[in-house]
Amino acid sequence: MRKERPASKFLAVASAIGISLALTACGGGGGGGGGGFGFLPPASSTPPAGGIDNPPAGDQPDNPPSPAVQPVVACADLAGKSLPAPLISLPTQGATVTSATPVAASDAGNTLGDYCRVRGTIQPVDPNSQSINFAVNLPEKWNQKTIHFGGGGFDGVLIDGTEVIRFGPAGKPAPLALGYATYGDDSGHQSGSITDGKFAANDEQLANYGGNSLKKTRDVAQALVLARYGVAPKHAYFLGTSTGGRDALSYIQRWPLDYDGVIANEPALNYTGTRLSNVAVGRALYNNGGAGWMNVAKTLLVQKAAMQACDKLDGAADSIVSNVESCRLLNSQILASLRCTGGADTGDTCLSDAQLDTVRAIESPLDFTTYALANGVKRAGGYNLLEGALVAGPFTTRDLGTRKVPANPATSADANMYVTGDQWVKFFVTRIANFDTLTFDPLDPGSYAARVTEVSNLTDATNPNLAPFFAHGGRLIMLHGLADEVISPNSTIDYYKQLIATVGQASVDQSVRFYTVPGMGHGTGSFIPNWDSLAALEGWVENGLAPATGVAVDAVAGTYGRTRPLCLFPAWPKYRGSGSLDAAVNYSCVTEVGDPLACPNLPAAVTTYKGGDSFGEELRVQIDPATMAYTVTIDASLQRTAGTVRSGTLVSEGNCSYASAESGAVFTFAAGGVLAGGVNAPVGGGFAPLLAFQSTFENAASPTTFNPVAFEGNVAGVRQDTSGSAMVTSASRFAVKLRNAGTFQYCRDPVLGFVPYLATCVSPEKGYLTYNSTRNAFDVHTTDPNGSATTTGGVVTGSMVIGLVNGKPVPLHLVRESQANAGLRMFAPQASLAVGTADGTYAVSGVDGRNRDAMVAGTSFNLGGAAANLSYDVPVLGVAQADAGRPGNFIFNGGILAFVTTDGVNAALELGVRH
């Protein structure tokens, strides 16, 4: 409980600023914001008699808001008034209200309600320093709360307090419209650009920017609030983003009693470390004649490689890297894949060694070994360029510039990072306007080392001792995007860890919530979260309701409205494997970090998989997990000799997928002992997709009993006609019956292909199976399609491998009737395919020789970037039909998806295994 203070304090303030009032008794109460008016003990928080806008009698909400307080001083009476220097905690020459303008709710363009718009200045001690411009907004119906808004960039632009909550829910009114008294300033200098650092050449202006202006403005604003309403606020909050986030943290580190709750979004807290990192990036880009500079094409190449390697590590292919720390383990592999042969720059399809060094300079932290920054900090976090951060393309406005040689001073034609670093070196540190920043070594500043530390003490917000703020009940919410391209989230993570080390985990758990957001840049990125942070903070401070995992709504135009859980660090959102990718309910906040190159589906020892490929070839694949050597042996084929061997070594690409030497085929190990991949095609070039199984049905008894694997099913496959000068490929769709005796019968609709199985159908093909113990597969004997079922006679036209995936049969019919009729057919049960059953991400290989990703999420389907909607059990049970976005059908069995196209343009058959 805060101590009651006499109402005479209000009269003292009113008198000090020259307002003559006749007041009724004010009563007692607590002062808002921790009771820390440096110049003034908090006055009553009980409104004067007649000063409350009382709600009508009747039903009240369970947690009614504080009754609105009406002013006891007219807005116009504040104009021209002054606050003497002794009532401001830090040295000034006093403050003056330059204007106080009533704004009516009915005024054109005003959405903020009735309020008093106050503008003024705080005069500096140094006559060569500019004044602080401040803005205070005092609503006619005040909710007895105040909000201080922080600045941005190098400031110099007035923060007028009329803004909405940053990253707040769409449609929520600005705090001023909700009854908060709000205020902000320009940090004590004026400029047309927030990247203009010239102000820092003046000591008082630099100190103001470092945080002094915040305290001065707060003292003046709270005096005006007290003067106008005759009562102190019940609660005071600080909201800031970027530099404003630094402002918020700096304030509670220096003056911990003034605010009850703080929101610090993407805070530039390690301010000096950030600027040193800016310089390090500039040196990598521009030294040595600009050898390390990367144009947009090369930058996009880096971003694409990182996204391809890491997007699916969270279980969802959604252009968001959520599993950042597992992705970080792939840095070396990604960089190696980008290197130009020989290391020289050979064009936009690769990076030279110097350009790779630039990527490392952006990605890597700076570790200071010869000196320290404020509060003993010896590291500046790197940027997650290889983990999803974007510095080029449509999701950011910051890039690496358009030229190899920067201007002096740097301009907007140069790398955004370097522009701010250049200004910082020139005006914060050296105070030499034409200093060549490329000669400044961030790791060894030489004679400027002491100055760097001095500036760091003025501007950084890295003091981890927040115990005084926590002791009076202060609450802190921090949020940072893991793809931030301006302020490193890794510096914020470093600070959070140091905070825990300083005050203890229990204290942090009680008073801090730190959210990290995958895909979020610096107000940019592929995911921009909207959530009501102010309501979360108020509920915590005022009602003791601590925030937990929230739900963030994406504000990016192209993906607007999708949701993700807002996870508390170090957790990240992992897709559960089913349901819409756009719904937060289908994600879990997890803390797992695993080696993305490790594959839980690899066999423990040398293992042989049995299966076939799209040309109907029966084959074996042997895998040695110790060396990742593979051997593909052809057991039966129309196009090449049995016993033909292909071999090579698999190279991990993550997610249990491996590059091979088979003309670009990617091998993927799936759950249940399934292997998908490819082998060099026997004709036509490229690779032929293959499926193979660790376990197969191998009943060699005579007569063979097929009861364990008999079923009615749908068939999706491909026919490869190599009889002519050009190969002709077409999709296959059937119904099939595999009986207990080993006989089979196909049915086919002449138009749709897929059809409900009927024993009386006009069958295009029927026959029986016999086990071939030499090849460990079944020979397929084709008999008269018009005759009765029989297990004798007929012609061998291929083979069948019946994979067992977790005990369930997945038959592959490998057709080798003739050069005109060869191919692969996969069976799946003809039973209802429920929405969600096939959900997941898939590694897909097509008969056109392409590897692609696929995603099934409820009724949404995406194959190789083409999105479609799905209808289940269409045209028959067990088949999913995709609409015009990617026309075709798929069947699903044992985690395997077989997709056949209906448009005659795309691959006739694509086989995918679920990760």
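A helix here is a DSSP run of H or I at least four residues long, numbered from the N terminus. With that in hand, let's walk through this predicted model.

**Stop 1: a residue in a helix**

Select residues 353–363, which form helix α8, and pick out Glu-363. Is Glu-363 buried or exposed? Its relative accessible area is 8%, and because the cut-off for buried is under 20%, Glu-363 counts as buried. Now show what surrounds this glutamate: leaving aside residues up to four places away in sequence, Glu-363 touches Arg-328, Asn-331, Gly-382, Tyr-383, Asn-384, Leu-385, Leu-386 and Glu-387. For a distance label, try Glu-363 and Leu-206: they are 157 residues apart along the chain, and their C-alpha atoms are separated by 29 Å.

**Stop 2: a small set of strands**

Next, select β15 (529–530) and β17, then add β16, residues 550–554. Together they make an open sheet of 3 strands in the order β15-β16-β17, paired antiparallel. β15 and β17 stand at the edges with a single partner strand each, so one side of each has no neighbour in the sheet. Zoom in on β15 and β16, which are joined by 2 bridges. Which residue of β16 is the bridge partner of Pro-529? Select Asp-554 to see that partner.

**Stop 3: the largest cavity**

Keep β17 on screen, since it also leads to the next stop. How many cavities of 30 Å³ or more does a search of the whole structure find? There are 6, and the largest has a volume of about 80 Å³. To display its lining, select Ile-320, Ser-322, Thr-516, Val-517, Pro-518, Phe-527, Ala-552, Arg-564, Pro-565, Leu-566, Cys-567 and Pro-573. The elements giving two or more residues to this lining are β14 (512–517) and β17 (563–566); β17 gives the most, with 3 residues. Colour the lining of the largest cavity by class and you get 9 nonpolar, 2 polar and 1 charged residues.

**Stop 4: the second largest pocket**

Finally, move to the second largest pocket, with a volume of about 720 Å³. Start from Lys-312, Leu-313, Lys-574, Asn-655 and His-915, which lie nearest its centre among the 34 residues of the lining. Then add the strands β18 (572–575), β26 (666–670), β37 (840–846) and β44 (909–914), each of which supplies at least two lining residues. The largest share, 3 residues, comes from β18. By class, the lining of this pocket divides into 15 nonpolar, 12 polar and 7 charged residues.

How values were computed
Residues are numbered from 1 along each chain as its sequence is written. This is a predicted model: local features need pLDDT of at least 70, side-chain atom pairs count only at pLDDT 80 or more; totals for chains, interfaces and linings use all residues. Side-chain values use heavy atoms; hydrogens and water are left out. On a 1 Å grid over the protein atoms alone, a cavity is a set of points where a 1.4 Å probe fits but cannot get out, and a pocket is an open set with protein on both sides within 12 Å along at least five of seven lines; lining residues have an atom within 4 Å of a point. Grid points are joined across faces, edges and corners, and a volume is the space filled by probe spheres set on the points. Ala, Val, Leu, Ile, Met, Phe, Trp, Tyr, Cys and Pro count as nonpolar, Asp, Glu, Lys and Arg as charged, and the others, Gly among them, as polar. Two strands pair if DSSP finds at least two bridges between them. Buried means under 20% relative accessible area, exposed over 50%, partly exposed in between (1.4 Å probe, protein chains only). Contact means heavy atoms within 4.5 Å.
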